[in-house]
Amino acid sequence: MMDKLIFGRYLPGDSIIYRLDPRGKFLITFYFIGIVFLANNVASYALLLAFVLFSVYLSKINIGFFIKGLRPMLFLIVFTVLLQMFFTPSTDPLWKFGVLQLSTDGMVIAGYILLRFVVIIFISTLLTLTTTPIEISDSIESILKPLRYVKFPVTQVALSLSIALRFVPLLIDETVKIMDAQRARGVDFGEGGLLKRIKSFVPILIPLFVSSFSIAYDLAIAMESRGYKDGEGRTKYRQLHWKKIDNYTVLVIALLTVCLLLVRSY
């Protein structure tokens, strides 16, 4: 399941979503996550879901890839949905047993929570799938550039976030390799009760930490050998360019916001 986690991975491609300015994609993604919490009825959630699915369609990435990527988050999603479904207070429950109760309000809220998870995971994953780590780093640095006037370490923060984002799939791949090596030595991660299964993951931690430090050391050596330095005076080979299509994207997200505010009032 771990090798199906797609968050943090870049998938090469060529579509209108790929060609958008990474600064615009970054800001729009976080803005969209913010306005998701404005939705309060079926129409508003349907509008957000339609926007996300249309964005996925424009990216030319198979939607099955996103659905498979939801599997590692399935436990958290199901747990949260069930929590809302059976613990939402109601004056007219359909079924009740002790502190547990099932009601129409609970099922509706659980459905909204499910849709909220789906649209947030889809839109954030779309950002990382269509934007390289270098573009993400450059966009963060460009967005935070005004903070340099107050001596904020913009370049260091952008680099740290970019490396952290890139290390997510790297560490997952490394964990899968270690687990395969342990299985070859006879370790069964699915055997026994819950406590025994947790203990079986302990032998993974030490080699994973060693591997993480090794990767970090190699990265530091590679950056040093290439003469990397942050701060003023550093030029960039790749320049970010804001195009007309980015203006249209801002208009679309503004229209989405207006429509969301209108439909949530009904």
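This report describes the fold, surface, nonpolar cores and one buried serine of a predicted model.

**Overall build**

The protein chain holds 10 helices and 2 strands. Read from the N terminus, the order of elements is α-α-α-α-β-β-α-α-α-α-α-α, which places the two strands after the fourth helix. The C-alpha trace extends over about 70 × 55 × 40 Å along its principal axes. Among contacts with a sequence separation of 6 or more, 73% join residues 24 or more positions apart.

**Surface and charge**

Of the 266 residues in the protein chain, 33% are classed as buried. The exposed area of the chain comes to about 16,700 Å², and 69% of that area is supplied by carbon and sulfur atoms. The side chains include 28 positive and 18 negative ones. The centres of these two sets are 2 Å apart.

**Nonpolar cores**

In soluble globular proteins, nonpolar side chains tend to be buried together. In this model, the largest nonpolar core has 35 residues, and the members that touch the most others are Phe32, Val52, Phe66 and Phe122. Five helices each give two or more residues to this core, as listed below.

| Element | Residues |
|---|---|
| Helix 1 | 22-36 |
| Helix 2 | 42-59 |
| Helix 4 | 74-87 |
| Helix 5 | 104-130 |
| Helix 10 | 244-263 |

Helix 5 provides the largest share of the core, with 12 residues. A second core, separate from the one above, has 5 residues, including Phe26, Ile136, Ile140 and Ala158.

Which residues does Phe122 contact, leaving aside its neighbours within four places in sequence? The partners of Phe122 are Val52, Leu53, Val56, Ile63, Phe66, Ile67 and Leu70. Val52 and Phe66 thus appear on this contact list and also, with Phe122 itself, among the core members that touch the most others.

**Ser55**

Helix 2, spanning residues 42-59, contains Ser55. Is Ser55 buried or exposed? Ser55 counts as buried because its relative accessible area is 8%, under the 20% limit. The side chain of Ser55 comes to 2.9 Å from the backbone oxygen of Phe51. With residues up to four places away in sequence left out, Ser55 touches Ile17 and Leu126.

How values were computed. Residues are numbered from 1 along each chain as its sequence is written. This is a predicted model: local features need pLDDT of at least 70, side-chain atom pairs count only at pLDDT 80 or more; totals for chains, interfaces and linings use all residues. Side-chain values use heavy atoms; hydrogens and water are left out. Helices (H or I, at least four residues) and strands (E, at least two) are DSSP runs, numbered from the N terminus. Buried means under 20% relative accessible area, exposed over 50%, partly exposed in between (1.4 Å probe, protein chains only). Contact means heavy atoms within 4.5 Å. Accessible areas come from the Shrake-Rupley method with a 1.4 Å probe; for residues, only the protein chains shown count as cover. Lys and Arg count as positive and Asp and Glu as negative; His and the chain ends are not counted. The place of a charge is taken as NZ of Lys, CZ of Arg, CG of Asp or CD of Glu. A polar contact is a pair of N or O atoms within 3.5 Å; within protein, one must be able to donate a hydrogen and the other to accept it, and residues adjacent in sequence count only if both atoms are side-chain atoms. A nonpolar core is a set of buried Ala, Val, Leu, Ile, Met, Phe, Trp, Tyr and Cys residues joined through side-chain atoms within 4.5 Å.
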